[in-house]
Every structure is written in structure tokens, then in C-alpha cells.
Amino acid sequence: MTVTIVGSQLGDEGKGALVDLWGGDADVVVRYQGGDNAGHTVVEDGEEYKLSLVPSGAVRDKVGVLGNGCVINPRTLFSEIDALRERGLEPDVRLAKRAHVIMPYHRRLDNIEEEAKADSDEDLVVGTTGRGIGPTYEDKAGRRGIRVGDLLDPEILRKRLEYVVPQKKALIEDVYGLEAGEECDIDALVEEFTEFGRRLREDDMAINCGDFLAERREAGENVMFEGAQGTLIDIDHGSYPYVTSSNPTAGGAATGSGVGPTVVGQGEVVGIVKAYLSRVGEGPMPTELKNDERDEELADFIREKGGEFGTVTGRPRRIGWLDMPMLRHAARVSGFTGIAVNHLDVLAGLDEIKVGHAYELEGDERLTMPATTERWDECEPILKEFDTWPEVDWTEVAEEGYDAIPDAAQDYLEYLSDELDVPVYAVGVGPDRAQTVHLANPFDQ
Ligand code: GDP
Ligand code: IMO
Ligand code: MG
């Protein structure tokens, strides 16, 4: 049995919290794309863990796998593992030998390119996390990347670096007119990354991901796929070019881990939905709360109450009403079999609640999103107003179950479920694991 967790909007929907909730029934938790651009939060009995690379199942002592579709910065990985150890956890993390490695020059180039875009035209800026994600995937597609398997063999590592580093140096110096630094020092890179390889070998962390997962499945184990980012920042299905460089959508779980699409498809695919929208980074957002002072006050209130500041970069997140064309698109692309709706508590006590039910584009009403970002930017939301719900004791609601959710909030959830034609499996009413109203466990479906 597999369960795939997918962000259905723009990232930060609360995926970590649901991976943690249902991860109790998983044996292995697999990240299939992205890298340390992700920031997944798990709160267990008030204890908060912010995870960038270690799969969220670590908090429950599950085996965590970083699949071949991931890009891995070993500096971040080992400091995260060490920090978790200091907090008393023993994370068991395995890395696909086919996964690509984020090298220091990738980070440098990520930042250089963002600056170059800003100098050329502010509209080009993506607002990346600066973690080197895009440049690493570029090298993967360009067949000049460094893979986890290469770290295990210093001679191969050196050979690859001797080819690629002079190219990066030329790019930094001759194209951008900057000075290359230690990120282009081949000897230092070989030394540092061979040491990472030694640790991977010593701790038996490097695996053939597809084989590993096949064996675990044959032994009857449950696998959970933990998507990072979200559908609208998917390189293929998102708001290109304001996207990340991987496939957070469910198809990525197969290509990014080495199991067949039928394996993912026979399991459950759960879309994680935030009850409103947040976006960190650039790009259109038709339901963004920014039209007037009242909108901005509302956005500030939601941002403060929901703690909407980037986990990785600390940037304030942009805020908007729920966007149904976006969710219809997400549900179709990933084939959601169910959804979890988070942050219902954050909308409590407002004096208005709206949802972008459809868009108006050139006088036509549209229920789904246009394929180009420029057209999407021209869409005006057709807003539907909902009754508001009051602030209540959400921990008590979570204990009592669905019927304790205020009626107006139940109407909101039922509207979502009807429009997307999928059941609601869980409702988040606070950050803690215990603050979740649990309707169904996808591992039991
Ligand atoms: P992820 O990247 O999708 O895992 O989400 P993040 O961890 O980046 O952001 C979600 C934030 O909201 C975290 O601080 C969570 O602890 C918090 N959170 C998750 N679910 C809920 C919820 O239902 N209500 C509230 N108030 N906060 C939540
Ligand atoms: P989680 O897994 C929200 C955004 C960045 C930027 C764009 C490209 O926590 O939901 P990148 O560094 O990936 O090249 O940046 O994608 N972004 C995220 N936004 N949540 C994330 O991850 C994100 N990961 C990347 O802000 O707009
Ligand atoms: Mg996050």
C-alpha cells in the first residue's frame, strides 16, 4: 500500500503535519523531488521540528528515503541529522545513489542568476530560496551533474568536477563578470565531498532506491511518498517560470523514486489544501488580498495568525482567498483520491470569508486555469461568499470530531469536497498533531 502526499497549491500547505499524522502507519517515508528548498513542520506535543531534507517520518522513527528525483545538499543534510540527534531522535535516512548533489557552485549561480534577472527586469525574478535547486536540476538535464553515487568514489568525483568546474568558473567570471571563489576550488570540493561520501558509506546510507522500495513492498511494508512544494510551482504544471525545477505532482512520485506509476496509482493520492492561499516568491495570484487597505489588513491578520513566514527563508508569505480553479487543476493533474484541509482555525473569527469559485477572462467564466502564466495573470476571480465561523477551542474540536466543527466551516469543507469530487480525510485546526480532525486514514482505504 502506498499513500502519496501532494501540495495542491503553492507550497506550505501543511504537508509535513499530515505526513507525520499518517506516517504512523507507514514503514518508509520517501521524498521524491526537491531539496532543501522545502521546509516541513511537524509539531508533536508542542515540540516543533522544521525539516528541510530529512523526511517528516523521522519524528516517528520511520525509515526516511531521499529518492533519485531529489537534489541533495550534504551540508544541509548532515547538519539536520546532527541537530535531530541532539534532540534525541535517531533519524534513519537513506539516499538514492541516483539523486543529484547540490554543489556550492549551484547555490552561488542560483543567487547570481536571480540578481541578473533583477538587473534586467524585475518581472523576471522568481524569488527562489537561493538553495541552488534550479542550477542542480539544470546540470542533471545537461548530463553534467554530480550524483550521490559519485561521492563514494573520489576518482570519479574528481573526474566529473574537473570537467564541470571550469565551466562554472567561466560562467561566473566571463558571463557575469564576477569573481569565482572557493565554490570553484576543485581540490577543496573533492576533499569535502569525499568526506561526505565516507560518512554515507560508513552509515550505510546510499541505496539503489527502486530496488530498496521494491524489497520493502515485497515484505508487505507501507510506503508514504512525501511531496515537497506544490502543484502551482511544479515545473510542468505550475505557473512557469515562477516555479521550482521539479515535479511535486503525483507523477513525480514514480519517476523520483523508481516505483512504477501503477504502484503510485493503485495507492491513495492525497492533496493537501490550505483553507486560504499563501505564496512565498513571485508570480500571479488572482485571489491575492491586495486590492485595498481592507484587503491588506485582512492579509496581515491572517499572516500573523497563521504564522505565514517562510520556513526556509523567513520571508513574509503573500496571502489570498482559496482559489478553486487552481484546486480543480491540482486534483486532475495528480488524480487526488482524497484531500486534507488545513488551517481552518486561522479563518475563524473573520468578518468575511470568500473563495475564488471561478475566473473571468475576456468576458468568459472559466472553472479551470489557463495554461500560460500571462493569461492566468489576466484572470479576475469570481468570488463566492461564505458564512463566517467563530473562534472556538480547536483542541476540543479535534478531540470531539467532525460534528464539533462549526456549521459554517462544515459547509466550507463540503463545498470543497463537492467541487473536487473527493472526500475530506482530515481537517487541520492547529499545528499540533493532536489538532487534527481525523475522518479517514488513507492507509485503510
Ligand atoms: P509544508 O511545507 O507543506 O509542510 O508546510 P509548512 O510547515 O511550511 O507550513 C505550514 C505551517 O502551518 C507550519 O508552521 C505548521 O506547523 C502550521 N500548520 C499546519 N497545519 C496547521 C493547521 O491546521 N492550523 C494552523 N494554525 N497551523 C497549521
Ligand atoms: P515546501 O515543501 C513554498 C518557491 C520559492 C520560489 C520558487 C522557486 O515547504 O512547501 P526554488 O528555490 O525551488 O528554485 O524556488 O518556489 N518554493 C516554495 N514555496 N514552499 C516550498 O516548499 C517551496 N520551495 C520552493 O519561494 O518562488
Ligand atoms: Mg514549507
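Analyst: A polar contact is a pair of N or O atoms within 3.5 Å of each other. The model discussed here is predicted.

User: Which side-chain atom type of lysine 15 meets an oxygen atom of ligand 2, and at what distance?

Analyst: The side chain of lysine 15 offers an N or O atom to an oxygen atom of ligand 2. With a cut-off of 3.5 Å for such a pair, this one qualifies as a polar contact, at a distance of 2.6 Å.

User: What fraction of the area that ligand 2 exposes when taken alone does the protein bury?

Analyst: Ligand 2 is held by polar atoms of the backbone and of side chains: a polar backbone atom of aspartate 12 is 2.8 Å from one of its oxygen atoms, and a side-chain N or O atom of threonine 129 is 2.6 Å from an oxygen atom of the ligand. Taken alone, ligand 2 exposes 550 Å². The share of this area buried by the protein is 98%.

User: How many charged residues does the shell around ligand 2 have?

Analyst: The shell consists of 21 residues, among which Asp12, Lys15, His40, Thr129 and Thr244 come nearest. By class, eight are nonpolar and ten are polar. The number of charged residues is three.

User: Which residues coordinate the magnesium ion (ligand 3)?

Analyst: The donors lie at 2.0 to 2.1 Å from the ion, and they are an OD atom of one residue and the O atom of another. The residues that supply them are Asp12 and Gly39.

User: How far apart in sequence are the parts that aspartate 12 and glycine 39 tie together?

Analyst: Aspartate 12 belongs to the loop between strand 1 (2–7) and helix 1 (15–23), whereas glycine 39 belongs to the loop between strand 2 (28–31) and strand 3 (40–44). Both aspartate 12 and glycine 39 are buried. Because they sit in these two loops, the pair ties together parts whose separation in sequence is 27 residues.

User: What percentage of the accessible area of ligand 1 does the protein cover?

Analyst: Backbone N or O atoms approach oxygen atoms of ligand 1 at 2.9 Å from glycine 14 and at 2.7 Å from lysine 15. The side chain of threonine 41 places an N or O atom 2.4 Å from an oxygen atom of the ligand. Of the 590 Å² that ligand 1 has on its own, the protein covers 94%.

User: Between which domains does ligand 1 lie?

Analyst: The ligand is surrounded by 19 residues, with Lys15, Gly39, Thr41, His343 and Asp345 the closest. Helix 1 and strand 3 each contribute at least two residues to this shell. Two domains give residues to the shell, so ligand 1 lies between domain 1 (1–96 + 205–266) and domain 3 (272–436).

User: Is arginine 317 buried or exposed?

Analyst: Arginine 317 is located in the loop between helix 10 (293–306) and strand 13 (318–320). Its side chain makes a polar contact of 2.6 Å with the side chain of glutamate 308. Since its relative accessibility is 7% and the limit is under 20%, arginine 317 counts as buried.

User: Is serine 56 buried or exposed?

Analyst: Serine 56 occupies the loop between strand 4 (47–51) and strand 5 (63–66). Its C-alpha is 8.1 Å from that of alanine 17, a residue 39 positions away in sequence. Because its relative accessibility is 0%, serine 56 counts as buried.

User: What is the relative accessible area of aspartate 61?

Analyst: Aspartate 61 lies in the loop between strand 4 and strand 5. Although not a glycine, aspartate 61 has a positive phi of about 60 degrees. The residue is exposed, with a relative accessible area of 59%.

User: What is the relative accessible area of aspartate 204?

Analyst: Aspartate 204 is placed in the loop between helix 6 (186–202) and strand 9 (206–207). Its phi is positive, near 55 degrees, in a residue other than glycine. Aspartate 204 is exposed, and its relative accessible area is 56%.

User: Which form, cis or trans, does the peptide bond from tyrosine 240 to proline 241 take?

Analyst: Proline 241 is part of the loop between strand 10 (223–226) and helix 8 (251–255). The omega angle of the bond from tyrosine 240 is near 5 degrees, and the form is cis.

Methods. Residues are numbered from 1 along each chain as its sequence is written. Chains are lettered from A and ligands numbered from 1 in the order in which they are written. This is a predicted model: local features need pLDDT of at least 70, side-chain atom pairs count only at pLDDT 80 or more; totals for chains, interfaces and linings use all residues. Side-chain values use heavy atoms; hydrogens and water are left out. Donors are N, O and S atoms within 2.8 Å of the metal (3.2 Å for Na, K and Ca); water is not among the atoms, so sites may look incomplete. Helices (H or I, at least four residues) and strands (E, at least two) are DSSP runs, numbered from the N terminus. Buried means under 20% relative accessible area, exposed over 50%, partly exposed in between (1.4 Å probe, protein chains only). A residue is near a molecule or strand if one of its heavy atoms lies within 4 Å of it. A polar contact is a pair of N or O atoms within 3.5 Å; within protein, one must be able to donate a hydrogen and the other to accept it, and residues adjacent in sequence count only if both atoms are side-chain atoms. Accessible areas come from the Shrake-Rupley method with a 1.4 Å probe; for residues, only the protein chains shown count as cover. Domain bounds come from an automatic or database domain assignment. Ala, Val, Leu, Ile, Met, Phe, Trp, Tyr, Cys and Pro count as nonpolar, Asp, Glu, Lys and Arg as charged, and the others, Gly among them, as polar.
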